[in-house]
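Please read the following report alongside the sequence and the coordinates. It takes up a sheet, a division into domains and the relation between two chains.

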Number of protein chains: 2
Amino acid sequence: MTINNNHLPHVVIVGAGFGGLRAARALAGASVNVTLIDRNNYHLFQPLLYQVATAGLSVDEIAYPIRGILRKQKNLTFIMSEVKSLNLKESEIITEQATIPFDYLLLAVGSETNFFNNTELQQHSYGLKNLQEAQSIRNHILNQFEKAVLEKDETLKRAMLTFVIAGGGPTGVEMAGAIAELVRVMHKDYPGLDPQHIQVVLLEAMDRLLVHLTLNSSTATTKALATKGVQVRLNTRVERYDGRVLQLSENQQLPSNTLIWAAGVQAASLVRELSQEKLPQNRIKVLPTLQIPQDERVFLIGDAAYLPDQHGQALPMVAPVAMQQADLAVKNLLCMIESRPLHPFKYKDLGSMATIGRNQAVAELFGLRFRGWLAWLVWLFVHLMQLVGFRNRLVVLINWAWQYLFYDRAVRLIEKGDCD
Amino acid sequence: MTINNNHLPHVVIVGAGFGGLRAARALAGASVNVTLIDRNNYHLFQPLLYQVATAGLSVDEIAYPIRGILRKQKNLTFIMSEVKSLNLKESEIITEQATIPFDYLLLAVGSETNFFNNTELQQHSYGLKNLQEAQSIRNHILNQFEKAVLEKDETLKRAMLTFVIAGGGPTGVEMAGAIAELVRVMHKDYPGLDPQHIQVVLLEAMDRLLVHLTLNSSTATTKALATKGVQVRLNTRVERYDGRVLQLSENQQLPSNTLIWAAGVQAASLVRELSQEKLPQNRIKVLPTLQIPQDERVFLIGDAAYLPDQHGQALPMVAPVAMQQADLAVKNLLCMIESRPLHPFKYKDLGSMATIGRNQAVAELFGLRFRGWLAWLVWLFVHLMQLVGFRNRLVVLINWAWQYLFYDRAVRLIEKGDCD
């Protein structure tokens with residue numbers, strides 16, 4: 001391994017998500033040595049994770065080997081390892097296998113599911129932040145059908161076939177829509193099951209879905225989900241969940257074997273030690289230059305960084321923010337090396353969108369609002385084009401076409417051995 | 001669940017491999033109720049399992065949901081469950097969830113890896129009989145590269161990059177060829193690794209590979225593997241393996257972190273209780289009608305069945321035998337119901353083949369022997385056509401074309417959570 005040869009500055013990037021990967025690529029050709037560290041050997045296309053969880057896509061279609069992406073970048077070394085802690089005083093980071101010194105550090109560690117310290121909830125519900133969780137959800141949903149078909153007790157059967165998603169943000173909405181469509185496909189496989197026993201429920205603590213969009217889009221989304229058979233319950237909070245019955249606000253109960261938790265994320269634990277200040281989503285404050293206040297050599301970008309926009313609102317935890325910040329962090333880092341002044345971050349908001357399933361999406365892009373079939377087509381195209389690798393694009397396209405034409409889900413496989 | 005309605009005879013089939021699935025389909029339209037039981041919810045195309053193990057194909061491309069295949073068969077119920085034991089006296093089989101009565105039983109349980117009671121070997125080496133094992137092998141091989149690139153000790157590094165396959169049958173040969181090609185792709189991802197440190201070793205206890213083929217084909221196979229960089233060691237047995245060093249016959253030692261065990265299979269444990277007679281591969285003797293001697297209502301087919309051919313040789317444990325036996329077992333079963341005489345099994349040997357990798361295969365089909373590029377094309381075509389489902393064929397074809405054109409392996413993903 002050749003780290004820090006030629007006495008060039010050594011830049012360590014932690015995380016190969018949208019932000020970290022973009023930063024690594026932006027440093028190609030720069031007079032620095034780059035070490036990129038990730039706990040996995042692949043870059044994950046998180047926006048399509050819910051399609052793996054609902055048997056639409058397979059794992060290899062949304063994950064791409066990092067070494068394959070960066071093969072030609074001569075100034076970069078990739079290390080697959082879990083970073084255990086940061087030692088800024090000694091200018092090193094500690095991984096499972098080694099201690100790695102840095103001159104500059106770029107933290108792009110992303111976010112993880114936030115169960116708000118409710119360990120019972122954490123134990124019994126499913127997050128949706130990585131491939132293992134997506135596969136666990138898929139296995140679990142398919143298993144519920146296999147169990148239900150053998151179950152004679154009506155109450156137990158109903159709980160097996162009640163799929164609850166908590167959180168009405170984009171992840172919760174997309175997940176609910178996708179499960180509703182999966183359930184319809186599954187039903188063909190289980191002629192013995194009464195469709196009346198199956199329900200998909202989306203819970204949202206606030207009074208509307210997709211709060212970051214306009215009220216119009218929220219209302220349209222609720223309506224579209226209802227058409228697909230999703231029960232949307234607004235103003236409803238999950239208080240407790242023991243794996244069998246959900247305790248909801250206002251003393252409601254909902255028996256269900258499945259709770260998918262899309263109601264909270266927080267900055268990855270690795271960086272939470274960097275500051276004691278309590279900010280929303282446990283994010284860590286960064287300067288407008290994307291440096292952390294306590295160490296100018298350390299840049300922090302993406303979901304884990306707390307940076308208010310001109311209205312005092314924290315930037316959303318989405319890929320475009322992470323990628324734009326990666327560009328600026330790299331620019332500023334090179335400015336530092338050359339002793340030039342640094343630039344503040346300005347977010348160019350391209351808008352946002354969410355699919356509700358087949359033929360249905362809402363989009364607010366470039367100041368335009370549209371929904372339905374056109375929004376759905378735009379969503380498909382944008383996501384397809386962002387996937388890494390031509391093979392992945394082609395195979396995902398085939399799978400989508402297959403699902404669309406045949407109302408089928410190809411990956412209805414219960415894979416054992418996922419420690420579930 | 002509707003089992004045994006209309007008082008039609010109830011046929012239970014255990015196993016949805018090549019034999020069981022074929023039998024289930026052959027019973028479509030017959031005046032019987034069929035229950036098909038498998039521990040998985042998918043039919044696995046085992047001949048391509050080694051390509052999953054070597055990062056060439058993804059899991060969903062060689063596995064197909066059983067309910068999807070049999071959706072339209074009205075007289076069939078599928079149950080996903082592990083069969084725990086057979087109670088022939090009471091005419092029932094005991095699964096994890098339920099006890100299922102039968103009038104006729106068709107056992108198509110297949111085979112499992114045979115470690116010859118060497119528990120140390122079993123613990124440290126990898127079998128290749130199911131999806132979990134294939135994924136474990138893939139994760140393990142890729143992990144060895146990630147570890148080796150960080151390892152400073154030359155001896156340890158060499159052991160990490162030494163991949164040993166025991167058993168020179170078709171599985172061992174295909175696995176060795178595929179690993180040799182994977183290793184060449186991997187090497188591009190690890191410019192820091194010395195190719196001299198990487199070795200792929202195929203061990204065979206007998207004096208030639210592929211003993212079921214002619215000596216000519218064996219010799220050609222050894223040569224083709226050598227060209228691909230596989231060290232073939234004939235007349236070499238594995239005595240012990242502790243996960244670090246292989247103890248071979250004649251006191252040889254071979255340090256390696258990876259042993260893939262393709263040197264033995266045996267009848268699945270479920271049926272081994274049926275007879276005390278010790279037959280090769282612990283198979284169970286069947287009558288020429290494919291019934292077991294102790295119970296005429298029970299048919300046993302495929303890998304687990306011991307039936308000598310006209311030369312007194314046991315039939316090979318391959319898919320064509322299982323499928324031809326499925327056809328006859330179903331025919332005989334219906335004859336029994338209608339009190340007509342039963343027929344003896346006659347195997348129509350279509351020949352056999354094995355790929356050695358890119359552009360290389362040996363085939364002995366319809367009395368013809370050929371090898372090289374043509375045999376390889378035939379192998380590709382035959383296997384592609386046997387896959388269940390048009391989507392699978394298309395996606396496998398794309399992956400194969402991709403690998404062929406770009407010397408790439410798309411599924412180089414280390415997936416966690418496989419309890420490895």
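## Strand pairing in chain B

Two strands are taken to pair if DSSP finds at least two bridges between them. The model is a predicted one, and on this definition strand β15 of chain B, residues 245-248, is joined to β16(B) by three bridges, with the two strands running antiparallel. Within this part of the chain, Leu246(B) is found opposite Leu254(B), which belongs to β16(B).

The sheet to which these strands belong is open and has three strands, arranged in the order β14-β15-β16 (chain B) with antiparallel pairing. Its edges are formed by β14 (238-241) and β16 (253-255) of chain B, each of which pairs on one side only. From one strand to the next, the twist averages 20 degrees.

## Domains of chain A

Chain A is split into two domains, of which domain 1 is assembled from the segments 5-39, 81-113 and 266-337, while domain 2 covers 119-263. Taken over C-alpha atoms, the centres of domain 1 of chain A and domain 2 of chain A are separated by 35 Å.

## Relation between the two chains

How large a turn, and what shift along the axis, lay chain A on chain B? The superposition takes a turn of 180 degrees with a shift of 0.0 Å along the axis, and it leaves an RMSD of 0.0 Å. The two copies are therefore related as by a two-fold rotation axis.

The contact residues fit this picture in that the same surface serves both copies, with 100% of the contact residues of chain A recurring in chain B.

Conventions:
Residues numbered from 1 in each chain as written. Chains lettered and ligands numbered in written order. Predicted model: local features only at pLDDT ≥ 70, side-chain atom pairs only at ≥ 80, totals over all residues. Helix = DSSP H or I, 4+ residues; strand = E, 2+ residues; numbered from the N terminus. Axes fitted to C-alpha atoms, helices over the stretch in contact; angles between N-to-C directions. Domains from an automatic or database assignment. Least-squares fit on C-alpha atoms with pLDDT ≥ 70 in both. Contact = placed C-beta atoms within 7 Å.
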